Amino acid sequence: MGVFIRKKEPIPTVKDTVKELLSDASGCGYLVEAIHDDDRLTDLHMDSLDKVCLIMECESHFNIHINDEDPELDNILQYGTVKDFSDYITKLRESC
């Protein structure tokens with residue numbers, strides 16, 4: 001009998017998952033590989049509907065509630081980077 005070694009798949013981080021959700025939500029269909037931590041969310045050409053979809057997907061995927069009237073969230077969506085948004089989601093997950 002042979003020994004079988006199962007290759008473990010890496011566990012996706014919050015940042016990796018957020019990039020996937022951003023890729024799905026962006027109206028221009030950016031590939032996950034094309035989204036970098038220092039990219040501004042506004043550079044992904046997301047309209048307001050895309051952002052609402054992103055928030056809903058994050059809430060569903062991470063089992064969190066995102067207050068859409070949170071000034072910090074507004075600031076991140078207008079001026080923040082992918083890393084800023086990932087950090088915001090991480091903070092919400094840790095506060096639950």
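This briefing covers the fold, the charged surface, the salt bridges and some single residues of one chain. The model is predicted. The chain has 96 residues, and 35% of them count as buried. Its secondary structure comes to 4 helices and 0 strands.

**Overall fold**

- Read from the N terminus, the elements run α-α-α-α.
- Helix α1 covers residues 14-25.
- The loop between α1 and α2 leads to a helix that spans residues 48-62.
- Helix α3 takes in residues 71-79, and helix α4 takes in residues 82-95.
- Contacts between residues at least 6 apart in sequence include many long-range ones: 55% of them join residues at least 24 apart.
- The chain exposes about 6,800 Å². Carbon and sulfur atoms supply 52% of that area.

**Negative patch**

- Asp-16, Glu-20, Asp-24 and Glu-57 gather on the surface in a patch of negative charge.
- Helix α1 gives the largest share of the patch, with 3 residues.
- Asp-24 sits in helix α1. Its relative accessibility is 64%, so Asp-24 counts as exposed.

**Salt bridges: the Asp-37 network**

- The structure holds 4 salt bridges.
- Side chains of opposite charge can pair when their charged atoms come close.
- Lys-15 and Asp-37 meet through their side chains in a salt bridge, at 3.3 Å from N to O. This pair links distant parts of the chain: Lys-15 is in helix α1, while Asp-37 is in the loop between α1 and α2, 22 residues apart.
- Asp-37 also meets Lys-19 in a salt bridge, at 3.0 Å from N to O. Here too the pair links distant parts of the chain, with Asp-37 in the loop between α1 and α2 and Lys-19 in helix α1, 18 residues apart.
- Together, Lys-15, Lys-19 and Asp-37 are linked in a network of salt bridges.
- Two members of the network are partly exposed: Lys-15 has a relative accessible area of 29%, and Asp-37 has one of 25%.
- Lys-19 counts as buried, because its relative accessibility is 13% and the cut-off for buried is under 20%.

**Salt bridges: α3 to α4**

- The side chains of Glu-72 and Lys-91 form a salt bridge at 2.5 Å, N to O. Glu-72 lies in helix α3 and Lys-91 in helix α4, so this pair ties together parts that are 19 residues apart in sequence.
- Both partners are partly exposed. Glu-72 has a relative accessible area of 34%. Lys-91 has a relative accessibility of 42%.

**Buried positions and their contacts**

- Ser-86 belongs to helix α4. At 2% relative accessibility, Ser-86 counts as buried.
- Leaving out residues up to four places away in sequence, Ser-86 touches Val-14, Lys-15 and Val-18. Lys-15 is thus both a contact of Ser-86 and a member of the salt-bridge network.
- Ile-76 belongs to helix α3. Ile-76 counts as buried, with 8% relative accessibility.
- With residues up to four places away in sequence left out, Ile-76 touches Leu-41, Asp-84, Phe-85 and Tyr-88.
- Ile-76 and Thr-42 are 34 residues apart in sequence. In space, 9.7 Å separates their C-alpha atoms.

**Positive phi in the loops**

- His-45 is not a glycine, yet it has a positive phi of about 55 degrees. His-45 is placed in the loop between α1 and α2. Asp-37, from the salt-bridge network, is in that loop as well.
- Asn-63 also has a positive phi, near 55 degrees, in a residue other than glycine. Asn-63 is found in the loop between α2 and α3.
- Asn-63 is exposed, because its relative accessible area is 67% and exposed means over 50%.

Terms used:
Residues numbered from 1 in each chain as written. Predicted model: local features only at pLDDT ≥ 70, side-chain atom pairs only at ≥ 80, totals over all residues. Heavy atoms only, no water. Patch = residues over 30% accessible without salt bridge, like charges linked within 9 Å, V, L, I, M, F, W, Y side chains within 5 Å. Areas by Shrake-Rupley, 256 points an atom, 1.4 Å probe, with all protein chains shown as cover. Lys, Arg positive; Asp, Glu negative; His and termini not counted. Charge placed at Lys NZ, Arg CZ, Asp CG, Glu CD. Helix = DSSP H or I, 4+ residues; strand = E, 2+ residues; numbered from the N terminus. Buried < 20%, exposed > 50% of the residue type's maximum accessible area, 1.4 Å probe, protein only. Contact = heavy atoms within 4.5 Å.
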